Amino acid sequence: MAAPAPVPGKRPGTRTAPSIISNDLVVHGNLTATGDIQVDGTVEGDIRSQSLTIGEKASITGEIVAEDIVIRGRVVGTIRGRRVQLSSTCHVEGDILHEALAVETGAFFEGNCRHSDDPIGQASSGAGLRPTPKPANTGGPALGDGPRAAPRPAPGDSPVVVNDGGVVVKRPAAQ
């Protein structure tokens with residue numbers, strides 16, 4: 001009797017070519033990969049992978065979960081990753097749960113970000129972040145008609161806020 005041949009599989013630590021969503025491709029549905037994904041097109045759904053790179057012309061609407069995430073394009077939805085990089089060309093609307101976060105000057109980010117020792121393992125329903133309250137229209141000047149006061153940080157929030165293309169460091173109020 002001959003032993004069955006071993007099933008070829010991905011060896012730990014080896015990298016393969018990324019799966020690519022090209023700029024003319026639109027995906028309606030979720031993407032799951034054990035390797036790397038590069039998105040240059042449009043995805044309307046959730047993405048889960050080892051590593052994710054979102055190109056400058058790309059657009060994602062949905063939750064993103066990956067070890068390494070580089071965002072150069074547009075994302076609307078929750079992001080959970082060990083290492084998250086917001087490039088200067090990105091436009092992110094949503095919450096970020098991260099172990100490490102890098103934000104380049106010029107990046108647009110609107111939402112909450114919070115550090116976590118295990119952002120991948122956290123529940124995906126809102127990633128445990130507070131919802132962003134929408135200001136009520138009080139008949140005053142419209143948004144963008146002047147400087148806005150920065151919201152007060154809640155305990156446990158990340159000390160970085162990206163506002164109008166610049167990075168603002170929040171500091172706790174003196175007691």
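1. Start at one rung of the stack: Ile37 has Leu52 as its bridge partner in β6. That pair belongs to the contact between β4 and β6, which run parallel and are joined by four bridges. Keep in mind throughout that this is a predicted model, so how far each part can be trusted comes up again under point 8 below.

2. Follow Leu52 onward and you reach β8, where its bridge partner is Ile69. Here the pairing is again parallel, with seven bridges joining β6 to β8. The next step along is β8 to β10, also parallel and also over seven bridges; within it, Ile64 is matched with Ile79 in β10. There is a further parallel partner for β6, namely β3 (residues 31–32), held over two bridges, with Leu31 set against Ile47. In general, strands of a sheet pair through backbone hydrogen bonds, in either the parallel or the antiparallel sense.

3. Now a look at Thr53, which sits in strand β6. Is it buried or exposed? Neither label fits: its relative accessibility is 23%, so Thr53 counts as partly exposed. Leaving out residues up to four places away in sequence, Thr53 touches Ile37, Gln38, Val39, Val70 and Arg72. Gln38 is a nice one to check on screen, since its C-alpha lies 4.7 Å from that of Thr53, although the two are 15 residues apart along the chain.

4. The bridge partner of Thr53 in β8 is Val70, a residue of strand β8. Val70 has a relative accessibility of 18% and therefore counts as buried. The cut-off for buried is under 20%, so Val70 and its 18% fall on the buried side of it. Which residues does Val70 touch, not counting those up to four places away in sequence? They are Leu52, Thr53, Ile54, Gln85 and Ser87. As for Gln38, it is 32 residues from Val70 in sequence, and the C-alpha to C-alpha distance is 9.6 Å.

5. Strand β8 as a whole is mostly covered, with seven of its eight residues buried. β8 also gives the largest share of the largest nonpolar core, four residues. That core has 25 residues, and the members touching the most others are Val39, Ile71, Ile79 and Leu86. Two or more core residues come from each of β4 (36–39), β6 (47–54), β8 (64–71) and β10 (79–86).

6. Leu86 deserves a closer look. Setting aside neighbours within four places in sequence, Leu86 is in contact with Ile71, Val92, Ile96, Leu101, Ala102, Val103, Glu104, Ala107 and Phe109. Ile71 appears in that list, and both Leu86 and Ile71 are among the core residues touching the most other members.

7. There is also an open sheet of six strands, in the order β2-β5-β7-β9-β11-β13, with parallel pairing. At its edges are β2 (26–28) and β13 (108–110), each of which pairs on one side only. From one strand to the next the twist averages 5°. At the β2 end, three bridges join β2 to β5 (residues 42–44), and these strands run parallel; Val27 has Val43 as its bridge partner in β5.

8. On confidence: the chain averages a pLDDT of 77, and 61% of its residues reach 70 or more. Two stretches call for caution. Residues 125–138 stay under 50, and the model gives them 20 contacts beyond four places in sequence. Residues 168–175 are also below 50, with twelve contacts in the model beyond near neighbours in sequence. Where pLDDT is low, the predicted coordinates should not be read in detail.

9. Some totals for the whole chain. How many helices and strands are there? The chain has zero helices and 16 strands. Buried residues make up 33% of its 175 residues. Of the contacts with a separation of 6 or more, 16% are between residues 24 or more positions apart. The accessible surface comes to about 10900 Å², and carbon and sulfur atoms account for 53% of that surface.

Terms used:
Residues numbered from 1 in each chain as written. Predicted model: local features only at pLDDT ≥ 70, side-chain atom pairs only at ≥ 80, totals over all residues. Heavy atoms only, no water. Pairing = 2+ DSSP bridges. Axes fitted to C-alpha atoms, helices over the stretch in contact; angles between N-to-C directions. pLDDT = per-residue confidence, 0-100. Contact = heavy atoms within 4.5 Å. Core = buried A, V, L, I, M, F, W, Y, C linked by side-chain atoms within 4.5 Å. Buried < 20%, exposed > 50% of the residue type's maximum accessible area, 1.4 Å probe, protein only. Areas by Shrake-Rupley, 256 points an atom, 1.4 Å probe, with all protein chains shown as cover.
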